[in-house]
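Welcome! Here is a short tour of a protein structure, written for someone meeting one of these for the first time. Take a look at the picture, then read on.

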Amino acid sequence: MSGTNCCVSGAAGTAKDETREVGRFIPLHYHFQMLTDQLRMAGFREAIQQVVKPGATVLELGSGTGILSFYAAEKARKVYSVEFNGELVEMSRRTLLANPNGDKVEVIHGDAFTYLPPEPVNAVICEMLHVGLLREKQLQVINSFKQHYTAKFPGHRMPDFIPVATLQGFQPVQYDFTFEGYTAAVPVFSDPTCADPRATGLGNFMVYQQLLYESPYETTCGYHGEIAITYEGTLNALRFVTKNLLAIRPDLTTIDWHNQYLIMPLEHPVAVVPGQVVTVSFDYESGGPLSSLRPVIPAVATKKITAA
């Protein structure tokens, strides 16, 4: 899931902005449960140790329980830790002070869309990540930060971002939507670290978005094109994958972390065989609800795949 809580306008809870509030409804227990995700914790800790240099100044946007700010404080001189949810703010303040270097972290009850630190920073951590870049406003928050930061600190280089990049892809699958005798074609999440016995891949993964957080990018996501079928079956879902490149090691290998996979059912299943090419189409705004991702298979081409 995600590691942060997105914000509405103003820390005091002023008028709602419907375009920004989806992530607010991430339940508190998700934040606590994420502390038990060993792959997430180890990946972010290594990435932060790689990027944050001794004596650096760091900003975390949407800090949740404060765990990533804690990792940054192991090397940083100062960490500004911004969180909208008041309960998380109070909890993280207490918890950070009970841990080594917690006094280096200033937890701010504020809006990640508008907050800027009083001084330039060397690194920005922002983990408002959900599979498909749905539900949370990762892309909008970082865009807003870059615009405000450039205006407030003209001439200063843009800080390093953690994560560095995000890649998104999908795979055509046949999925068993029957649960103890009850058939329900609904969105399903699965663990990226182990095989899902309900899912049968019918083709290879197709990348539909690659973005670097330091570079300009669009906040819309989509794909309109073809994908080859390599196995016979009933194409009734797409499996969405979101891979986050957290940092790059000196040997140029990457520190990666995957969100949970999302199985999104198709409204109209299609019988397919090897050699067919299927047309896939979808568009959605990042940060929107799961229902905004509605993949469509308008037609199945009967043309055969030709060898290169």
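A residue is called buried when its relative accessible area is under 20%, exposed when it is over 50%, and partly exposed in between. D160 has a relative accessibility of 33%, so this residue counts as partly exposed. Please keep in mind that you are looking at a predicted model.

**The chain as a whole**

- The protein chain has five helices and 17 strands.
- Buried residues make up 52% of the 308 residues in the protein chain.
- About 14,000 Å² of the protein chain is exposed, and 55% of that area comes from carbon and sulfur atoms.
- If you take the contacts between residues at least 6 apart in sequence, 76% of them join residues that are at least 24 apart.

**Helix α2**

- Helix α2 covers residues 38-51.
- With its 14 residues, α2 reaches 20 Å from its first C-alpha to its last, which is close to the 20 Å expected at 1.5 Å a residue.
- Several residues of α2 are buried, namely R40, M41, G43, F44, A47, I48 and V51.
- The cover over these buried residues of α2 includes the helices α1 (28-34) and α3, together with the strands β4, β5, β13 (233-248) and β14 (254-258).

**Strand β4 and its neighbours**

- Strand β4 (residues 123-126) is covered on both faces.
- On one side of β4 you find A123 and I125, on the other V124 and C126, and all of these are buried.
- β4 pairs with strand β1 (residues 57-61) in the parallel sense, over four bridges.
- In this pairing, V58 stands opposite A123.
- β4 also pairs in the parallel sense with strand β5 (residues 160-162), here over three bridges.
- A123 appears again in this second pairing, where this residue stands opposite D160 in β5.
- Together with helix α5 (residues 138-152), β4 and β5 make a right-handed β-α-β unit.

**Salt bridges**

- Side chains of opposite charge can pair when their charged atoms come close.
- How many salt bridges are counted here? The count comes to nine.
- One of them joins R45 and E74, whose closest N and O atoms are 2.3 Å apart.
- This pair links distant parts of the chain, since R45 sits in α2 and E74 in the loop between α3 (67-73) and β2 (78-83), 29 residues apart.
- Are R45 and E74 buried, exposed or partly exposed? R45 has a relative accessible area of 32%, so this residue is partly exposed, and E74 counts as partly exposed at 27%.
- Another salt bridge is formed by the side chains of R93 and E90, at 3.3 Å from N to O.
- R93 and E90 both belong to helix α4 (residues 86-97), where they lie three residues apart, about one turn of the helix.
- An α-helix has 3.6 residues a turn, so residues three or four places apart point the same way.
- R93 is partly exposed at 32% relative accessibility, and E90 is partly exposed with a relative accessible area of 40%.
- A further salt bridge brings together the side chains of R157 and D160, also at 3.3 Å from N to O.
- R157 has a relative accessible area of 56%, which is over 50%, so this residue is exposed.
- Its partner D160 is the residue from the opening example, partly exposed at 33%.

Key:
Residues numbered from 1 in each chain as written. Predicted model: local features only at pLDDT ≥ 70, side-chain atom pairs only at ≥ 80, totals over all residues. Heavy atoms only, no water. Salt bridge = Lys/Arg side-chain N within 4 Å of Asp/Glu carboxyl O. Helix = DSSP H or I, 4+ residues; strand = E, 2+ residues; numbered from the N terminus. Buried < 20%, exposed > 50% of the residue type's maximum accessible area, 1.4 Å probe, protein only. Pairing = 2+ DSSP bridges. Right-handed = clockwise from strand over helix to strand, strands pointing away. Contact = heavy atoms within 4.5 Å. Areas by Shrake-Rupley, 256 points an atom, 1.4 Å probe, with all protein chains shown as cover. Expected span 1.5 Å × (residues − 1).
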